[in-house]
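Please read the following walk through one protein model with the sequence and coordinates open beside it.

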Amino acid sequence: MLTVAQISAQVDAVLGRDGQARTLAIKAEQKQSWPESLHHRGRRVRLRWCESSLALREALSEDTTSEGDDALVLLTPLATFDLPDDVAARIAKGRVYQPEGWAMVRELFAAKEVDARLSRYTWMPQLLIDLALDGYEPVPSGFLDLESAWRAVLTRTLGLDNARPDAQALLGWTLSPESTLAINGLPAVARPDILRWLAEAAGVAGRMVAACIEAGRSADAVPLGLVCDVVFSPDGEGQADLGHAAIRLERYVGDTHLGVSDGRAWAAKATGLLASGDVATFSGALDRAQVLLRELRIEGHAALSNWLPSGLDARLAHLADALGALLDRPTSETLPLMERATDRVLAHRGLFVHPQRAELVRMARRLARWIARPESSTSSVPDIALWQADEGAYVDWSRFRLLGGDESPVLSAALARLRDAAMARRESLAQRLARALPDWVARDMSLPQRLVYVEDVLSRVVAPLAAQHPVLLMVVDGMSTGIFRELFNKPQRHGWAEWVPEGLVQPLAAIAAIPSVTEASRTSLLCGRRMLGSAPQEKVGFASHPDLLAHSETSAPPRLFHKGDLADDGQLAPELREALANPKQRVVGVVYNAVDDHLSGPDQLHQRWQLEDLRLMLPLLREARDVRRIVIVTADHGHVLDDGSRAVVGGQSDRWRAAGPQPTADELLLRGPRVLNPEGGNEVVCLWGDRTRYSTRRTGYHGGVAPQELVVPLSVLSPTNVQLAGWNVAPPLQPDWWDSNDLAASAPRQGLAVAGTSAPATTGKRKAAASAENQPALFAPEEAPPSVPSPSGARPPSVPQDWIANLLSSPAYASQRQLAARVALPNEQLRSLLAAIDERGGKLGRTALAQRLGVPEMRLGGIISAAKRVLNLDQAEILIVHDAENSVTLNRALLFRQFGLPAARSM
């Protein structure tokens, strides 16, 4: 039977070689229901049945194709030798074409030869002819090889544009809606060979996918691969119900035997497919896999999967249990369980499309680590203030990330318990502050070197810096230390570096006026003296401050911009831009109200504090950076966020009232020169705890004397290419329990010194430096101590390891150091680097490593590169930087082998 496809293929073959041909004859045994015409490459091809020589002459005599672009095909049962000469003279090549398998295929591909291996596929010629509606590209060198023929078959039958698709490509194809229709549309004679070819091309996993397709479950190929990820998980070895599930799984692949290696290969390809794209696009396959888990009765093992939503739910439930156990009994046993449970949750790929949930889990781990550590026993006002600046800021950051809980009710309950535990510890600290505060306020005590009263910020910080460079004082109204640390977590991303005065490691901090309200604290800050007022008084006081005027041009006195002055038509106001760009304008001040305004809003929004999300903030910083201004970031007061607070009666504002009725247990009566009662006088009653308020419920409150309200940031930022005399770039400031890559940092330490508590005994220069810390002079010359405590107050890592001494004295190290020449690190710095990483189990986050070395994180890259030049002997990966997770790994075993160190002494 001569098909339309064969006619089209023959026409394409003849007319494709000879565009001038107008008439051709094709052999047909009998008349069939062909169409009257076909269309080929823009030409109409008319079909005419001619059963005799006479019929051929009649068709040719009636033909008018020579006058147009049409072509004529004569379909006849006659052979070439039966043609009369006059007919033969008027048709292409003077012959009747005989459509025949591979000969026709050669014509279609413009091939002279065909790969002999194709002869085994007797069905292929007809299929290629039937699929040749728009022709084929000519094959190179005129040879139709095996790969080209199979590529044509797979492309036109299944839509697979590859002669040998790998298992991952095959799995991806099974997810398309057209795949099942394509499989069902295969000719029965061709189907076995096509599936066999796919199985052989795609390897072990491909064999399973082909078996799945053969069993009529092509749409289940990916879900079943995800099920294999559970059934054959190495972590599930030995589980009897998983072994039974492996046997039951065989019915889904036509009772094909499914061994461990087969299942793991299938799982690897299925998960690799998901990893190659957006997980959200595979939601259908993930849901189906969960149904299959239930059918196999192993849904209880879903936690073994890094991909299934039920696996994430199970891991979150395990984390909730681990957090509960830690809160019940924080020990060396429960803490590692929490760490491992957190790692398993963060390893789940479902979190890649839910970064906010991943952040919540990381914050929960950080807060749990803090809870597991000994509680600070500090009790003096300055020590509690320093603790708030150095560690409490990070506690607040992590604690308030947990507000609102998670989608998982079980985890949400555990997070609520975690917040309650953190709150209890914070309340204990606030209570100690409340006991010490009345006497301290009444006596107007002096502050240690790192702390500055808000009214002294202009004279002690802004004015001395203005003597060196033009400055921008940025007062973010209501900003707590926690929000500041979140906002300026990585200032180098925007071209800034944080600086600290020489002799200090941590930045300065400021103490708000009492009560911690805008009219007292902000006016005192911007006028440089204790006073009550509002924006007009602040402008006058700022412009006339004597210490600022001493470093200002007469024509350009200090200038202050409030909220209404910052923007014009949604952009930075031209007056503000001009003031920042004017080199004679040495001092510019800006009051930014985003935080204080947020406190008055609803408490049902997750607020993440990023510079990019604050209008005008980045343009403002960019303007200052471009003209090389120093930026001093501070606030007038902090705040407490609402976390289950309760209302108490009697207050004029959020958290303060005038003295009168006897203070309750929630209140504190304060008298002294630091008290600026907005209603007059120098006494006031304030709430001291986090969970009380006078006003109606809002996002946050201020006016009380909790550490979060009284202590505000006081940070000096400089463009990265500007140096400050008398100041140093600050090393990373986070506490050691903060670094997610530093798992060993979470281990509870007995006798841990928390910032603000009694420090370890010091001798010599360190003792002198510790004594100088309590001196009031801010910029007094002082010799920096040779080693300093970390921001958490812990001692720097000691270096008792014999193996480091063995390394530094080894011949191989001496040779490497000589090769590195001037770029080699000093031995003591390399010793500190190795000890810091080794102390943390061989892996440490970059930020934590910079912190332990006491260097800015921006310098760490050069230090690590210099260390690698010496340590990575013969290019062995001994010291490895993991950019994706921002960590550094030390392969100590490899180091021992490369440098010939005696391993026995170090283990």
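Is the crossing of H11 and H13 left-handed or right-handed? The crossing is left-handed, a label used when the near helix is turned anticlockwise from the far one by less than a right angle, with right-handed used if clockwise. This is a predicted model, in which local features need pLDDT of at least 70, side-chain atom pairs count only at pLDDT 80 or more, and totals for chains, interfaces and linings use all residues. Residues are numbered from 1 along each chain as its sequence is written, and side-chain values use heavy atoms, with hydrogens and water left out.

Two packed helices are described by the angle between their axes and the distance between the axes. For H11 (residues 221-231) and H13 (residues 260-275), the axes come within 7 Å and cross at roughly 115°. Axes are lines fitted to C-alpha atoms, for helices over the stretch in contact, and angles run from 0 to 180 degrees between N-to-C directions. Helices (H or I, at least four residues) and strands (E, at least two) are DSSP runs, numbered from the N terminus. Among the residues making the contact (heavy atoms within 4.5 Å) are Leu224 and Cys228 of H11 and Trp266 and Ala270 of H13.

Trp266 also belongs to the largest nonpolar core, which has 79 residues. Such a core is a set of buried Ala, Val, Leu, Ile, Met, Phe, Trp, Tyr and Cys residues joined through side-chain atoms within 4.5 Å, where buried means under 20% relative accessible area (1.4 Å probe, protein chains only). H11 gives the most to this core, with 8 residues. Phe109, Met124, Trp150, Leu158, Ile194 and Trp266 touch the most other members. Leaving aside neighbours within four places in sequence, Ile194 is in contact with Trp123, Trp150, Val153, Leu154, Leu158 and Leu186. A second, separate core of 71 residues includes Leu429 and Trp688.

Further along the chain is a sheet. Its 3 strands form an open sheet in the order S26-S28-S27, with antiparallel pairing; two strands pair if DSSP finds at least two bridges between them. S26 (843-845) and S27 stand at the edges with a single partner strand each, so one side of each is left without a neighbour in the sheet. The twist averages 20° from one strand to the next.

S27 (residues 879-882) is joined to S28 (residues 887-890) by 4 bridges, and S26 to S28 by 3 bridges. Thr889 in S28 stands opposite Ile880 and is the bridge partner of Lys843. The hairpin of S27 and S28 has 4 residues between the strands, and Asn886 takes a positive phi near 55° there. Helix H35 (residues 857-871) lies across S27 and S28, running at about 145° to S27.

Note on methods: Buried < 20%, exposed > 50% of the residue type's maximum accessible area, 1.4 Å probe, protein only.
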